[in-house]
Every structure is written in C-alpha cells, then in structure tokens.
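Q: Got a minute to go through this one with me? I'd like to talk strands, then cavities.

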Amino acid sequence: MTDNAVTTPATAGARVEDLLARLTLEEKASLLGGSDFWHTTAVERVGVPAVMVTDGPHGLRKQAEGADHLGLNASVPATCFPPAAGLASSWDTALLRRVGEALGRETRAERVAVLLGPGVNMKRTPLCGRNFEYFSEDPVLAGDLAAALVRGVQSQGVGTSLKHFAANNQETQRMTVSADVDERTLREVYLTAFERVVRTAQPWTVMCSYNRINGVYASEDPWLLTRVLREEWGFEGLVVSDWGAVNVREDGVRAGLDLEMPSSGGTGTRRVLDAVAAGTLSEAEVDRSARRVLELLAKAAPALAEPGTVDHEAHHALAREAATASAVLLRNEPVGEGAHAAPLLPLAPTGGAVAVVGEFARTPRYQGAGSSQVNPTRLDDALSALRAAFGGSREVVFAAGYDPDAEDLDAALAREAVDAAAGAEVVVVFLGLPPRYESEGYDRAHTHLPAAQVELLERVAAANARVVVVLSNGSAVTVEPWQQRVPALLETWLLGQAGGGAVADLLTGAANPSGRLAETIPARHEDDPTVGNFPGENGHVRYGEGLLIGYRWYDAHALPVAHPFGHGLSYTTFAYSDLRVRPAGDGAQVEVTVTNTGAVAGTETVQVYVRDPECSAYRPEQELKGFARLTLAPGESGTATVALDRRAFAFWHTAVQRWVVEGGGFEVRVGASSRDVRLTASIALDGDDVALPLTGESTVDAWLEHPVTGPLVREALGEGRWRAMLEDPHNGQMMRAIPLVRLTRFPGFPIGEDELPAWEARAARA
Ligand code: BGC
C-alpha cells in the first residue's frame, strides 16, 4: 500500500473520509464491485488497495488460480475443521471461539481480509443439500455458536461474512426461489440467529442470499438490508452479495447491498453510474457503500501488513479436539448376559479381534461438497487411528464392505465383511452418505442411507450382534428401523481432517462423548414439518409450518422421534438437583446443580427451555433459550448458570411490530435434551404494555378488554338486554366478536355510529 492508503485504526475514520472526498464518482462506483473472482477493486491513483476475500466457513479455501465458487478447482492447503453440522453438536462456545481464532490466523497468514462464513441458516428440513454448512434447527443455538466463531476469527484482525442473509433454506432453485414466510416466523426463527451474531459480534460483513423473500430478492430488499439489519440491529459493516446474487445492481445499492461479487466485468459499475446520471440513484447512496468498502479495507490493513505464521500441527490438534466434541453417541445398549451385561462402548483396550467394516473407515467422509471444500493439510482415517490405539493389544481386521460410489450391494465385499464380523469379538461398521448425496447446489432426494449399506449392516449384524455403527453424514439420516439391530450408534456428522483420531478416542474411551444433537433425528421423513411445503413450485416455497421448525413441530404434534434435539449419551451419567430461577435484570437467572454420578469424568450440556403456558398468541410448546456445559470428575457437583434476557420470554407481536413479553407465569424447563426435562420451575414476569389502536373495526371484545374503554362501554350498555347478551357465557362469544361499528347499526344498540369518532378519540388518549 502507498502513503495514501488507510493503515491504522486510529486514523482510519479520517482517512476514509479524506479518501472518499478525493475519489471521482466513477472511482467510487468501481469500488462497489469486485475486480475478479475474489478481490475487491483497487484505485491506484489514490492508493486504495484491493483485498482478497475467500471461503469459508470451516477452513480457508484460497485458490491460487482456476477460480470458481463451486469448490471445483484446487486451493492452498488449510486446516479442515469440522463443518458447522459437527461443530454445532459440541454446544461449546469456548471451543468455537478457539476454532475461530485458528481460522483467523490461517486467513491472515494467507493475506486474506475476509473469511466467507459462517452460515447460520436454519435447518428447515434434513433434505437441504447444504445443511452440513449450517449449525442447527434452533436459532439460539446457531446464533450463539456462530457469534463465538465470528469473535474468534475477528480477534485476529480479519473479517467474517455472516451468510446467507436470509431464508436460504434449500438449494433447489436457490438463485431464484421465493421463500414465502410470515413475518412472525421470519423474526422468531429465520432472522434470530443472524440477529444474535450481529448484535453481539459485529461481523465485518454480511452476505445476502440468492433467493427472494416474499417475492423480493434479498440482494435488493431495503427492509432486510437496511431497516432490519442496520436500523434495528445496529449492523456497522458491509453487505456483500453472494457470488452472483445481484439482480438489478442499482436497486441493490439503494437497498443497502454495498459490494457486488464476483466482478461483473464493469456492468455493475456502468449501471450504477447510469442510474446516478438518470437521477434514480443519488451520489450519496454511492458514497454510503463506497465508504463501507473503504472502512473494510481500513480494518483489514494492519493484519494484512503483518500476516504472521501458522502452526499447522497445533491447528490439527485443535481440529481433533473439535472433532471429538462434535460426535454424538446416540445409542449404547447393554450387551452380554445377567450381571455381565454392560454397554457395548467403550471398547476395552484388550480382548478379541475388532472387525472394522466400511470404506469410510479407510477413506473418510469428512466435509461437504461445494464452495466450502477445503484442501486439508493432513487427513486422518479411523482405521489407522484404531490400529494405533490398540497398538497390537487387540487384532484389528478390515473389510471395505461397500463401494461408496455404487448403489448396489457388492456381493464379494459383503461376504468378506460378514466373514470378518463372524470371526471378531466386536464389529465397528462405518456407514454414511456418499459425497454425491449431499452438496451445495442441490437438495437430497431422500433421507436414507444407500440401500446397499443398510443391507450390508443387516448381514453383518446377523453374523455378530456386537455391532457399533459409526455414521458420517452432513445432515440427519433415517436410522429406523435398522438402529434397533445394533447396540451402539455414534453419529459423527462430518468431522474434518482430524476426525479419524477423534473417532478412535471416543470408541476406546480415551475421550468421553459429549456431543448433543443440534438437530432432531426424525423417526421417519414423512413426519417432517415441511412435507407438502418443500421445495415448492413455480418459484415459490411456502413455509407452511410457520414457527414449528424441528423439535417445535415434533413437540406440537406429540410425534415420536428417533433421537430428540439436544440428545447425546456419555460414558457417565449426570443427576440434576436444586433448580433455582429468580428474576435478574429484565429477565431471569437460572442455576442448577449437576452431579457426575458415574465412574468417569464427563461433560454435561444443561439445556434451558422456556414455555409460555398462556399467551394471546400461539407459542411453541417449549423453546431453547440458553445452555451451559459443565465438565465434572466422578462424584463431583457443579453449578450450571444460564442468564435469560427478556427476549427469552418474548414473541414478535405483528400488530405492534416489536418483541413483546406478555405478563404472567413462565415455565423454565431444565434438562439433558428437549425430551429429557429433569426439573422445572416457574417465574412470573411483568408484561409489556401493548396498546392496540381501537377503531370501529375492532371487535366489541377488544373494546371491552381495553382498560379505559372497557368500563366506559359497560356503563354505556347499562344493565339491559345488550349487556346480558354480550356477557352470556356462550352466545356472548359470538356477539363480542362483532366489530363495534357493525353493532352500532343493530336496532336499539345503545351506542350510535355517529358517536364512534368520539369513542375512538377516547381510546387514543388512553
Ligand atoms: C456460496 C457462498 C460462497 C460463495 C463464494 C456461493 O455459491 O453460496 O457460500 O461463499 O459462493 O464461493
């Protein structure tokens, strides 16, 4: 960078304004688009540099050449951490922070200004092809984990891009589909994770999504990009388009989309300049976005000037720690007879042969396909790691069992696997989704494992009952009915480059499983909330399930699930006692004692759900509002503390367009999963005043419930038949649902239509 460049934070503000003043309109317009696939545009005349931005999210995908946004061409080696589907299962914000710091160091060392992630879109259905890149079906969990990651990355002096804003919950027609979502659902489910990250971590950039929301492209939606994001949430950074998300460039600038990526080859700049010339876009609007680009460059300049180095060994070790925390033990049933019966896992260090079956043990499935595909610095496989872990004290035999690329069972491979299983004391079967089953760019056709893998499992289980299944998949798969055939099931999602060692640690008990499900595993896909409303038709997808995403749906319909949201076993057990819930600030403080009642150290994730038993609006049965992890030695007790702010009790009130707490009692449920609530307590909170404007169109009920007009209307009604009719316990309901103006027209009603303006004025004054 030259003298003129923006270099230090202290002077950055003044330098940005100075630079802006020296740029011509054409130069400012040029800043609003990329110069190639991954770089912003430089203005050499005044020393404005171009910076590089690149994917993301769970590792750096910096392409030296052959640029594409589909993960097709090679990139420089970088640590491949577990994708979000894995990381989310850790429920561990401190871990996410450390992973973020490592990602930030790698980003900085490669002189990249912004890592394009994380993605916090909700997992609306397991069929979304890109779920492996997203955290959860719950916005509080996704938001808090992503915020920690963002803080970690940005602590290294480089930025993040919170994506894909917003309601990008499917890959089918992702560039054009309109997500048709009612406002309350948008606010409470699909925007909340973004909001939590923006408010608490200020990502340097937000990436708008490809799709439309209620008919309007996210890339040109002023409500989304300016009113909600900036005016309500206080976002201070830059909005960048997803790659190729711009529809009409000048409309985007007006709406608040600052930077178009990748380069449009000058088309975007031309359109911006034409719009200014035509008077449909102001120079001030161009300045606003140009300023944000300059501010981004200023923020990145110090780190880019001193890129530092990366300790790849240390990052691999962190990737292994993260992978260990990401796997979820779903089942661990006792095997053996009578007094000898014990859970199948962990595997003892000595004993008979261990048969390892499945190609994924040797050739791991460790990340998803598309723009997030990282070129790992190393790649560990579980087979080698298990051999190393047993170190010869147990024989490990391997059979590939299936070819991940083939749909049909290979009889020879299956026979070999069955033979290995029959001759072993215990069998570990690695199953999962082949890479082609899930990717950015398209959705899954179904939620099943390949039929050949299930058939293989049946044959193996028939030969040896002591079977552990290890699953690799980026999104939930159907585990019923085959899981009933096996005593133990470890869901590893996608574990990144160090997953092999992590799996060996978990299977042998060198590490105690601590992951918890960040998404429900349904019993059958037919129960999914989006059935009938996915992936839509004629360019529209209707979010007909409304608020009832994930466990909210399964709870509302009292449906059985294979494994509930929040579930995860450990090699120890935990007891909950002494729940204390008390008012604190404008919300509540929750404390509960947790005791490790088993024989080994372990980590429990305490989950806090809130239920509003009585509300004028529909509330889901329960919603996660906080969580805390506790690591405890055998016999040790600790206190989990979770702070609930007022928002934890609020809903989005569409009539007054704000978050509202309706006063009264709330139930606070504390437990080990959404379906394993251990303790509950009640707390009463004062409500917010919600004064809905009363008009003649309002029902008599609304007039009667209003604190000021209620007594006055009653007085006007007197003691006669109208009062009696309106207060009748049965027919009164029908009467009170009539708008006041209509009732005034009924013969003999004591309030006349001509008096309504005075009544409305009275209500407005109240
Ligand atoms: C993806 C983004 C990614 C971008 C750049 C797009 O296709 O949706 O997540 O950051 O490409 O590769």
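Q: How many bridges join β5 to strand β8, and do they run parallel or antiparallel?
A: Four bridges join them, and the two strands run parallel. Keep in mind that this is a predicted model. β8 covers residues 238–241.

Q: Which residue in β8 is the bridge partner of C208?
A: That's S241.

Q: And what about β3, how does that strand pair with β5?
A: In the parallel sense, over three bridges, with β3 spanning residues 159–165. One pairing to look at is S161, whose bridge partner in β5 is T205.

Q: Are the faces of β5 covered or open?
A: Both are covered. On one side T205 and M207 are buried, and on the other V206 and C208 are buried too. So T205, the bridge partner of S161, and C208, the bridge partner of S241, each come in under 20% relative accessible area.

Q: OK, switching to cavities. How many are there of 30 Å³ or more?
A: Eight. The largest holds about 130 Å³ of space.

Q: Which residues are closest to the centre of that largest one?
A: P364, R365, S472, G499 and V503, out of 17 lining residues.

Q: Which elements give two or more residues to that lining?
A: β15 (467–472) and α17 (499–508). The largest share comes from α17, with three residues.

Q: What's the lining like chemically: how many nonpolar, polar and charged?
A: Ten nonpolar, five polar and two charged.

Conventions
Residues are numbered from 1 along each chain as its sequence is written. This is a predicted model: local features need pLDDT of at least 70, side-chain atom pairs count only at pLDDT 80 or more; totals for chains, interfaces and linings use all residues. Side-chain values use heavy atoms; hydrogens and water are left out. Buried means under 20% relative accessible area, exposed over 50%, partly exposed in between (1.4 Å probe, protein chains only). Two strands pair if DSSP finds at least two bridges between them. On a 1 Å grid over the protein atoms alone, a cavity is a set of points where a 1.4 Å probe fits but cannot get out, and a pocket is an open set with protein on both sides within 12 Å along at least five of seven lines; lining residues have an atom within 4 Å of a point. Grid points are joined across faces, edges and corners, and a volume is the space filled by probe spheres set on the points. Ala, Val, Leu, Ile, Met, Phe, Trp, Tyr, Cys and Pro count as nonpolar, Asp, Glu, Lys and Arg as charged, and the others, Gly among them, as polar.
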